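I opened a new model today and wanted to see where its charged side chains sit. Here are my notes, in the order I looked things up.

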Amino acid sequence: MNKVVALFLLYIVLCNTFCSCDDSKKVTGTKGTVNEVINGNTIRLANGLKVRLIGVENEPRSEEFLKSNVLNRKVRLTADSHDRKQTWQTAKKETVRAYVRLMGGDNITLNGFMIRNKFTHLNNEYLKDSIQWIEKILIPDKLTFQQLSHLMTPATFLIRTNSGSGTGFFINDKGLALTNNHVLDGTQNAVVYLSDANGHLSDSEYRYVDRILFTNSQYDFTIFTVKCDNGEKFPYLTLTDEKTERGTAIGVVGNPLSQYMTFTTGTVSRLMEDEGAFQFDASVQHGSSGGPISNEYGRTIGIVKALLDQAALTNSSMTTGNFNYAVDILIVRQVLDQLEQDYAGR
């Protein structure tokens, strides 16, 4: 028995000396193609390795973002310098923690990009290299219109009532939502139909309106809640806390003339502060009412309110699709604060 033990120990020594039995691989520098989004903060590479994005919370819209922007993309991993687990051995059995950088033209680190642009909330469980994010104001990056569309669309929905249809959107993950008073004032039976990031609606993906918390016909907005199924969480938009300026680039999502989940772009044309409104030129039509208007940082600045009445035009052949009005979101925020509602951007 002693001979067997001695031979085994000799084997271990020789292995360490000549063969380097430790075949662990470093997290930092690992490259691979993303072939699966497991959830809102975990992806899987083509070699089977699961990667948890440091600092990123698992949320519905972070999952939508990853599915829309990261699938089949090549990435490079970097471990946190303070993380004790900076290596991996068996891809099919392990999950590593990392900062994930998109390779190619984008060349962005997903973790920070998603947090700054409100695709997710900050999770500091393993975050050490960038712990200063918690104590500093995050300066958001400008989004492309494609990115803005992917942010806004899954948080927006179609509203059908017994008197017509319109648009609404979530402002927290628990079902708090906004639309127009003329779309929903509490007197109608109403159902909302949910969308994915690509604007696909399904007749089976609907929820009922739960409660009307506040409605105002003068400024034309309604605050309400949508019933959640078994604790589900909804994608949502963050409300700006800054005054809107003329010339601001915007994106709008709505359901104009039954053309569901249409995304259009434009600019803020005129401020109407005394009326709690502003004018914008992104194309909308009947059915867009109640939809979100967001700036290029992904902050929602208004709610689509109305089109210019055709009768107000001297030339009846003119169209009104790019001459429109919106509720200023700062008016809505005042009421939300008075109601002590928990909304994104508070």
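**Salt bridges and burial**

I searched the whole structure for salt bridges and got 11 of them. I have to keep in mind that this is a predicted model.

*Entry: Arg44 and Glu36.* I started with this pair, which forms a salt bridge with its closest N and O atoms 2.8 Å apart. Is Arg44 buried or exposed? Neither, really: Arg44 has a relative accessible area of 26%, so I noted it as partly exposed. Glu36 is partly exposed as well, because its relative accessible area is 32%.

*Entry: Lys142 and Glu296.* Next I looked up the salt bridge between the side chains of Lys142 and Glu296, at 3.8 Å from N to O. Where do the two residues lie? Lys142 is in the loop between helix H3 (110-116) and helix H4 (145-152), while Glu296 is in the loop between strand E18 (292-295) and strand E19 (299-307). They are 154 residues apart in sequence, so this pair ties together parts that are far from each other along the chain. I also checked Glu296, and it is partly exposed because its relative accessibility is 24%.

*Entry: Arg207 and Asp229.* Here the closest N and O atoms of the salt bridge are 3.4 Å apart. Arg207 belongs to strand E12 (residues 201-216), and Asp229 to the loop between strand E13 (221-226) and strand E14 (238-239). That makes it a link between distant parts of the chain, 22 residues apart. I then asked myself why Arg207 counts as buried. Its relative accessible area is 10%, and buried means under 20%. Asp229 has 42% relative accessibility, so I put it down as partly exposed. This pair also has company: Glu205, Arg207, Asp229 and Glu232 are linked in a network of salt bridges.

*Entry: a positive patch.* Which residues form a positive surface patch? I found Lys31, Lys74, Arg76 and Arg101. I picked Lys31 to follow up, and its place is in strand E2 (residues 31-39). Lys31 is partly exposed, because its relative accessibility is 44%.

*Entry: helix H2.* Last, I turned to helix H2 (residues 60-69) and listed its buried residues: Arg61, Ser62, Phe65, Leu66 and Asn69. Why do they line one face of the helix? I looked down the axis of H2, and the buried residues fall within an arc of 140°, so one face it is. A reminder to myself: an α-helix has 3.6 residues a turn, so residues three or four places apart point the same way.

Note on methods. Residues numbered from 1 in each chain as written. Predicted model: local features only at pLDDT ≥ 70, side-chain atom pairs only at ≥ 80, totals over all residues. Heavy atoms only, no water. Patch = residues over 30% accessible without salt bridge, like charges linked within 9 Å, V, L, I, M, F, W, Y side chains within 5 Å. Areas by Shrake-Rupley, 256 points an atom, 1.4 Å probe, with all protein chains shown as cover. Salt bridge = Lys/Arg side-chain N within 4 Å of Asp/Glu carboxyl O. Lys, Arg positive; Asp, Glu negative; His and termini not counted. Charge placed at Lys NZ, Arg CZ, Asp CG, Glu CD. Helix = DSSP H or I, 4+ residues; strand = E, 2+ residues; numbered from the N terminus. Buried < 20%, exposed > 50% of the residue type's maximum accessible area, 1.4 Å probe, protein only. Arc of directions from axis to C-beta.
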